[in-house]
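Student: Could we go through this structure together? I should like to begin with the terms.

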Amino acid sequence: MTQHTQSPPRYPQRFDLTGLSAVVTGGASGIGFESVRALAQCGARPILLDRDAAALELAVAALRDEQIEAAAHEVDVTDPAAVQHVAQAVIAAEGAVDVLVNSAGIARLNRVLETPDEEWRQVMDINVNGTFWVSRAFGRHMVERRSGSIVNLGSMSGLVVNRPQAAASYMTSKGAVHMLTKALATEWAKDNVRVNALAPGYIGTEMTLAMRARPELFDVWMDMTPMGRCGEPAEIASAVVFLASPASSYMTGSIVSIDGGYTSW
Ligand code: NAD
């Protein structure tokens, strides 16, 4: 039934983040940095978390050139005590945190039989444990306030096995991020805290830079991507804004593919 209410929704307002504060891990580079820019342009106050102090400094300066004032904290997401400490400091300074984007992550390519113990542990520690520590630290605050939106960076690599490169650690970690997203979403749904994940295909960032320079990888990737190109960070950041904003208010536990059609074939 079509609803003709007296005051119809104002759709631009549903994408408006004015007055909200948004924490972005991995905010110094790639998808995280672009998400900071997008969230700030839509009105949010951005707070960047990253383990790379020099990159954080450059990011804050670049944002300032665009009239975006951002706070930044150096933190390694694999350290739960440090994450807890930073979360308390950010919440105290901001008064409230409304949005969390978990973008910190790494990828390592190796066949299983050649994967060093330390590499497996590191990929799991950053991509899975880090997402858990940060979500728990800020999620506790969001649950108490009964308000918040968390956006995790999953991957098409958590949905399908990639080729031709072998990367069991990365694919397993992103599958775990997707399931963590659903677990958090269902635990916190009644607390008005939404948790969703994006599953990007190949995106033009630092993470894929060396891989894109290898034709034996890149040509297969493009052949397997119906749109025949890599995505831009802005094409992911736009969806971050959507999932962070009231425009997606009935979405939680969703894994949203943005992959140029990669997972359609
Ligand atoms: P990127 O390398 O450009 O940025 C990652 C950022 O995370 C860096 O600033 C890095 O310093 C930070 N980081 C890494 N480990 C950290 C730690 N332990 N603590 C704090 N910060 C840490 O990568 P990107 O391409 O922007 O990737 C962002 C996210 O998107 C990752 O989770 C990645 O797995 C996911 N993703 C990327 C692609 C892609 O093709 N680029 C595709 C799908 C998913």
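Tutor: Helices (H or I, at least four residues) and strands (E, at least two) are DSSP runs, numbered from the N terminus. This is a predicted model, in which local features need pLDDT of at least 70, side-chain atom pairs count only at pLDDT 80 or more, and totals for chains, interfaces and linings use all residues. Residues are numbered from 1 along each chain as its sequence is written, and side-chain values use heavy atoms, with hydrogens and water left out.

Student: Where is Gln67 placed?

Tutor: Gln67 sits in the loop between helix H3 (53-65) and strand S3 (71-74). Its phi is positive, about 65°, although Gln67 is not a glycine.

Student: Which residues does the cis peptide bond join?

Tutor: That bond joins Arg163 and Pro164, with omega about 10°. Pro164 belongs to the loop between strand S5 (148-153) and helix H6 (168-188).

Student: Turning to the ligand, how many residues surround it?

Tutor: There are 27 residues around the ligand (each with a heavy atom within 4 Å of it). The closest are Ser29, Ile31, Asp50, Tyr170 and Thr205.

Student: What lies 2.5 Å from an oxygen atom of the ligand?

Tutor: An N or O atom in the side chain of Thr205 does. In addition, a backbone N or O atom of Ser103 is 3.1 Å from a ligand oxygen atom.

Student: And how much of the ligand does the protein bury?

Tutor: The protein buries 95% of the 830 Å² that the ligand exposes when taken alone (Shrake-Rupley method, 1.4 Å probe).

Notes: Polar contact = N/O pair within 3.5 Å; in protein donor to acceptor, adjacent residues only side chain to side chain.
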